[in-house]
Structure formats: structure tokens, C-alpha cells
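Student: I would like a close look at one residue and its surroundings. Please take me through one buried charged side chain and then through the parts of the structure around it.

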Amino acid sequence: MGRSPSIAIVGGGLAGLAAAAALAKFGIPAEVFEAAPQLGEIGAGVNVSPQAIRVLRAIGLGEAVAAVANVAPGVLTRDMHSGIALDYRDHADIEGRFGAPLCTFHRADLLEALAGGVDRGRIHLGHRLTAMSEGANSVDLRFANGVTHDAELVIAADGIHSQVRRALYGDDHPAYTGQMVWRALLDGSSVPADVLAPSGHVQWLGSGRHFFAYYLRGSDVVNIVTQQDTEQWVEEGWSIPGDVAEMRASFPNPEPRFAALLDAMTDCSKWGLFLRPLTDNWGCGRIQLIGDAAHAMLPNAGQGAAQAFEDAYILARWLAALPAYPAAALESFRRIRIPRVHAVQRSSSSIVRAKHDYDPRSADTARAKVDAVNAMAWIWGYDAVTAWDREPAVPDVA
């Protein structure tokens with residue numbers, strides 16, 4: 001077996017730390033460079049579907065992840081005006097069917113669990129990438145704090161506004177979808193127990209909008225995430241301050257349980273959703289993009305983190321299998337990953353339109369079931385651990 005190449009990971013978020021942990025599992029050290037002065041990501045709740053939980057178990061993080069996960073027994077969908085139950089997505093057999101549960105996390109807790117799989121001495125905080133140049137044998141990274149670092153391979157896990165992607169391909173000119181998101185965190189004790197009964201995870205549907213609320217950290221925190229069609233332009237970001245009164249006004253005539261959640265709001269954030277074209281531009285030469293840096297997707301299928309974790313595992317397996325041929329390993333990774341991820345991106349784009357076409361005046365409640373367990377089976381049933389080197393079967397998603 002040949003010597004493994006020296007690897008630098010740009011970005012210490014979920015994708016970057018998962019990649020570092022996966023590489024470490026296969027005996028490949030990597031240096032992680034994170035722009036923030038401390039580990040942590042802006043945001044609150046994150047969903048991780050069963051196939052990605054199996055990946056985290058495979059790289060030795062199963063116990064750490066389980067310790068900070070919430071596993072809801074199901075998801076109840078209600079009409080946001082009448083409160084009528086439209087659908088109940090039962091999760092009782094998910095682990096039996098897919099080999100792992102569907103989990104929700106506070107992002108900071110999940111990040112800390114991932115960091116547990118990485119040598120802390122290899123995580124370098126306060127390193128914001130400012131320049132990058134690729135030579136014959138290495139890639140030179142330069143950071144705002146004056147540090148330089150040479151690596152034989154670079155894994156870019158620096159998110160939707162990736163500096164590495166911009167250096168390789170220029171601006172990607174995302175298209176505004178005409179949809180926006182509100183997010184908030186509530187103290188769980190401020191929310192009456194019946195609001196999120198029976199499962200602790202409730203979705204409200206209305207015409208052109210939907211609203212999710214679910215518990216994190218047991219029942220200590222309630223995570224709020226919404227999505228709605230809008231004629232206003234809203235900038236892209238993760239932490240743009242929002243106005244609570246404006247948020248409440250976005251959901252007129254709420255049923256009583258929904259109204260109780262809106263009344264409990266004290267602050268919120270908002271951002272616009274932007275769609276990036278599907279692309280094979282995931283890297284070249286000694287540079288590989290993963291996670292949102294490679295394939296940012298709309299949040300509707302709950303696959304942003306999950307696909308990053310699949311990336312991390314499969315990339316690590318290829319680099320471990322071909323240590324003397326890293327360029328071939330990266331090419332093989334892209335060949336395996338791109339078709340599946342493109343299908344997931346298409347699915348994420350289609351789900352919200354179906355939900356937002358829900359008509360509360362109609363007897364047809366099919367729109368409430370578009371993200372049901374069976375609809376997600378081709379995503380959740382994928383086994384990256386045993387099929388990391390095989391091109392996956394994917395459906396024809398419009």
C-alpha cells in the first residue's frame with residue numbers, strides 16, 4: 001500500500017469534520033482549517049436521515065451521535081388554519097426498515113459529536129482562506145491570519161459561499177426561487193405540551209407555505225423552520241435578523257396550537273432560498289469539493305447534512321483504496337456521487353412545490369404526503385457503507 005497524501009480540509013462545519021473523522025477512521029490524517037474562532041455553526045435544528053446515520057456509525061461516531069439525537073415517533077401534518085390532521089407519518093418501523101432511525105439534532109451538538117472523531121490538534125480555528133494556488137505537486141493555501149499551508153490534496157467543505165469553488169469556477173450566480181425561510185428557537189418550557197402532540201414533531205400546511213416545529217435536546221428546545229412563497233426579494237444567508245411581527249403576519253388566521261407557537265416567538269432570522277444549477281464542477285486535479293460547496297440544495301428533502309456525510313464516507317473509502325493514486329480516487333468519487341446527488345437535488349426542488357400547491361379548501365390531501373416514508377425510501381435505503389464503490393441506482397426525478 002502506498003503512502004497516503006497529505007490532506008487539508010477547508011471548512012470545519014458538518015461536512016468538513018465528517019470528512020476528517022472518516023479519513024481518520026481509515027488511517028488518513030487531515031488538517032482542518034475553519035474560519036470561525038471557535039467550533040460552532042449558525043443555525044439550530046438539523047435532520048439526518050437513516051442512511052447517513054449508518055455512515056456515522058461506520059466511522060465510529062454512533063454512540064456520540066445517539067447521545068445528542070432526538071428520535072421522533074412520527075410527524076403530524078395539520079392544516080394551519082383549521083388544525084385538521086391531514087397526515088401522520090409514522091416512524092415506528094424506520095430503523096427496522098432502513099437500519100437506523102431518522103434523527104434531529106441541535107447543530108452545535110452534532111458538530112461536537114463529529115469533532116470527537118478528529119484529533120483536536122489538527123483543527124485550526126480562525127483560519128479564513130484568502131488565496132489558493134495549485135502547483136505540480138501540491139496546493140498552496142493562504143489565510144487571512146498570515147498562515148500558509150501546503151497540502152497534496154485539498155477538500156473544500158466551505159459551504160454554499162465556498163471560496164474554493166469561486167477560485168476554481170468563478171461566481172455561480174444562483175437564482176432566487178421566490179421562496180423564503182423563517183427560523184427561530186424557543187425555550188421548550190414556553191410551548192404548551194399539546195401544541196406538538198403526539199410526536200413532538202408537527203408540520204402545518206397552508207396555501208403557498210408550510211411551517212415545521214419540533215423538539216431538540218429532549219424537549220428543552222423547540223426548533224422552528226418555515227418556508228413560504230413571496231413576491232419580496234430576500235437575500236441569501238444563515239443569520240439575517242428577522243422581525244417577529246413580520247413573521248407572525250406571514251401566517252394569518254392560525255389555528256390555536258399554531259397561534260401559541262407564533263405568540264411564543266421572541267426573535268427570529270430569515271433568508272431567501274436560492275437555486276444553483278446542477279453541475280459536475282465538483283473539483284479537479286488535487287482539489288475536491290464536498291457538501292454544500294459542491295452541491296447546495298434546497299432544504300425540502302432534509303438531505304443537506306446527510307449528503308455531506310455520504311460524501312465524507314465515500315471519499316475516505318476511495319482515498320484509502322487508492323493511496324498512491326489520489327487523482328484517480330477523486331475521479332472515482334465524483335463518478336459514484338454525482339448521479340445520486342443530482343437526483344436528490346431534483347427531489348428537494350420538487351417537494352416544496354407540491355406542498356405549496358396544497359389547497360385548504362380541497363378534500364384532496366395528497367399534497368400533505370409528498371415527503372412520506374415510501375417517497376423517501378430510495379434516499380433512505382441507500383447503503384454507502386457496502387456500496388461505496390458502485391454507481392447507485394437513482395430514479396428519474398423531474
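Tutor: Start with Lys270, which has a relative accessible area of 17%. The cut-off for buried is under 20%, so Lys270 counts as buried. Keep in mind that this is a predicted model.

Lys270 sits in strand β17, which covers residues 269-275. Apart from neighbours within four places in sequence, Lys270 is in contact with Met180, Val181, Trp182, Val234, Ile240, Pro241, Gly242 and Glu246.

One of these contacts, Glu246, also meets the side chain of Lys270 in a salt bridge, with a distance of 3.7 Å from N to O. This pair links distant parts of the chain: Glu246 belongs to helix α7 (residues 244-249), Lys270 to strand β17, and 24 residues separate them. As a general point, side chains of opposite charge can pair when their charged atoms come close. Glu246 is partly exposed, at a relative accessible area of 28%, whereas Lys270 is buried.

Now place the strand in its sheet. Strand β17 is part of an open sheet of eight strands, in the order β5-β4-β13-β14-β15-β12-β17-β16, and the pairing is mixed. The edges are taken by β5 (85-90) and β16 (240-241); each has a single partner strand, so one side of each is left without a neighbour in the sheet. In general, strands of a sheet pair through backbone hydrogen bonds, either parallel or antiparallel. At the β5 end, strand β4 (residues 74-79) runs antiparallel to β5, and five bridges join the two. Among the residues paired there, Arg78 has Ala85 of β5 as its bridge partner.

A helix also lies across part of this sheet. Helix α8 (residues 256-264) crosses β4, β12 (175-187), β13 (201-206), β14 (209-216) and β15 (221-229), and runs at about 70 degrees to β14.

Return to the charged pairs. The whole structure contains 15 salt bridges, and the one between Glu246 and Lys270 can be set beside two others. Arg165 forms a salt bridge with Asp172, with the closest N and O atoms 2.9 Å apart. Arg165 is buried at 9% relative accessibility, while Asp172 is partly exposed at 25%. In the other pair, Arg142 and Asp140 form a salt bridge in which the closest N and O atoms are 3.0 Å apart. Here Arg142 is partly exposed, at 42%, and Asp140 is buried, at 14%.

Asp140 and Arg142 fall within strand β9 (residues 139-143), which pairs with β10 in the antiparallel sense over four bridges. In this pairing, Val139 stands opposite Ala151 in β10. Strand β9 belongs to an open sheet of three strands with antiparallel pairing, in the order β8-β9-β10. Its edge strands are β8 (129-134) and β10 (148-151), and each pairs on one side only.

To sum up the residue you asked about: Lys270 is buried, lies in β17, and forms a salt bridge with Glu246 of the kind described above.

Terms used. Residues are numbered from 1 along each chain as its sequence is written. This is a predicted model: local features need pLDDT of at least 70, side-chain atom pairs count only at pLDDT 80 or more; totals for chains, interfaces and linings use all residues. Side-chain values use heavy atoms; hydrogens and water are left out. Two strands pair if DSSP finds at least two bridges between them. Contact means heavy atoms within 4.5 Å. Axes are lines fitted to C-alpha atoms, for helices over the stretch in contact, and angles run from 0 to 180 degrees between N-to-C directions. Buried means under 20% relative accessible area, exposed over 50%, partly exposed in between (1.4 Å probe, protein chains only). A salt bridge is a side-chain nitrogen of Lys or Arg within 4 Å of a carboxyl oxygen of Asp or Glu.
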